[in-house]
Amino acid sequence: MPVQQTQWGPPTAGIIAAGILGLIMAVGVVTLVTDPPGRALVGIAAAGLLVFALMSWRARPKLAITDDVLEFRGWWRTRRLGHADIKLIRITEFRRIGRKVRLLEIDTTDDRLLVLSRWDLGTDPLRVLDVLTDAGFARGR
């Protein structure tokens, strides 16, 4: 029987690519862009990509099952959710720019909604829901 995955996070290659692109843009701001508005826009984009890559790396794994608790790691803190802390885990599907997008939604008892995309999980949210259901966390779809 194959071992099920118990932690999910953004793909390493994607985070590294965002960081490298941010560095390339930062070098371009300093060396290539000559007009001040263009320099400001590219500089803001470079800083945004670098911050996004660093914070995405820091928040890995985004979701994990540890010691019969579901851990949700954000940019600043980690939330630990037991079975009693979760009201509902479901998949939301909608069409966006001609393709189907799935989101994993975790509704907690303190009326917070945690929304995780394919980027956050590094895989299809439907697969994660299946594992969470097998682990006893998901009560409904």
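This passage describes the two sheets, the helices that pack on them, and two individual residues of a predicted model.

An open sheet of 4 strands is found with the order β1-β2-β3-β4, and the pairing within this sheet is antiparallel. Strands β1 (7-8) and β4 (78-81) stand at the edges, each with a single partner strand, so that one side of each is left without a neighbour in the sheet. The pairing of strand β3 (residues 69-73) with β4 is antiparallel and extends over 4 bridges; in this pairing, Phe-72 has Arg-79 of β4 as its bridge partner. Helix α4 (residues 125-134) lies across β1, β2 (63-66) and β3, and the direction in which α4 runs is at about 20° to that of β2.

A further open sheet is formed by 3 strands in the order β5-β6-β7, again with antiparallel pairing. The edge strands of this sheet are β5 and β7 (113-116), each of which pairs on one side only, and the twist averages 25° from one strand to the next. Strand β6 (residues 99-108) is joined to β7 by 4 bridges, the two strands running antiparallel, and the bridge partner of Leu-104 in β7 is Leu-116. Helix α4 packs on this sheet, where α4 touches β5, β6 and β7 and makes an angle of about 35° with the direction of β6. Helix α4 is therefore described both as lying across β1, β2 and β3 and as packing on the sheet that contains β5, β6 and β7.

Helix α1 (residues 12-31) has 20 residues, which at 1.5 Å a residue should span 28 Å; the end C-alpha atoms of α1 are 29 Å apart, in agreement with that expectation. The buried residues of this helix are Ile-15, Ala-18, Gly-19, Gly-22, Gly-28 and Val-29, and they pack against α2 (36-58) and α3 (118-121). An α-helix has 3.6 residues a turn, so residues three or four places apart point the same way.

The axes of α1 and α2 come within 8 Å and cross at roughly 155°, which makes α1 roughly antiparallel to α2, since angles over 145 degrees are counted in that class. The crossing in which α1 passes α2 is left-handed. On the side of α1, the residues that make the contact include Thr-12, Ile-15, Ala-18, Gly-19, Leu-21 and Gly-22, while those contributed by α2 include Arg-39, Val-42, Gly-43, Ala-45, Leu-49, Ser-56 and Trp-57.

Ser-56, which is found in helix α2, has a relative accessibility of 5% and therefore counts as buried, the limit being under 20%. When its neighbours within four places in sequence are left aside, Ser-56 is in contact with Pro-10, Ile-15, Trp-75 and Trp-119. Of these partners, Ile-15 is also one of the buried residues of α1.

Lys-87, by contrast, lies in strand β5 (residues 86-96) and counts as partly exposed because its relative accessibility is 38%. The C-alpha atoms of Lys-87 and Thr-133 are separated by 13 Å, the two residues being 46 residues apart along the chain.

Conventions
Residues numbered from 1 in each chain as written. Predicted model: local features only at pLDDT ≥ 70, side-chain atom pairs only at ≥ 80, totals over all residues. Heavy atoms only, no water. Pairing = 2+ DSSP bridges. Contact = heavy atoms within 4.5 Å. Axes fitted to C-alpha atoms, helices over the stretch in contact; angles between N-to-C directions. Expected span 1.5 Å × (residues − 1). Buried < 20%, exposed > 50% of the residue type's maximum accessible area, 1.4 Å probe, protein only. Parallel < 35°, antiparallel > 145°, perpendicular 65-115°, else oblique. Left-handed = near helix turned anticlockwise from the far one by under 90°.
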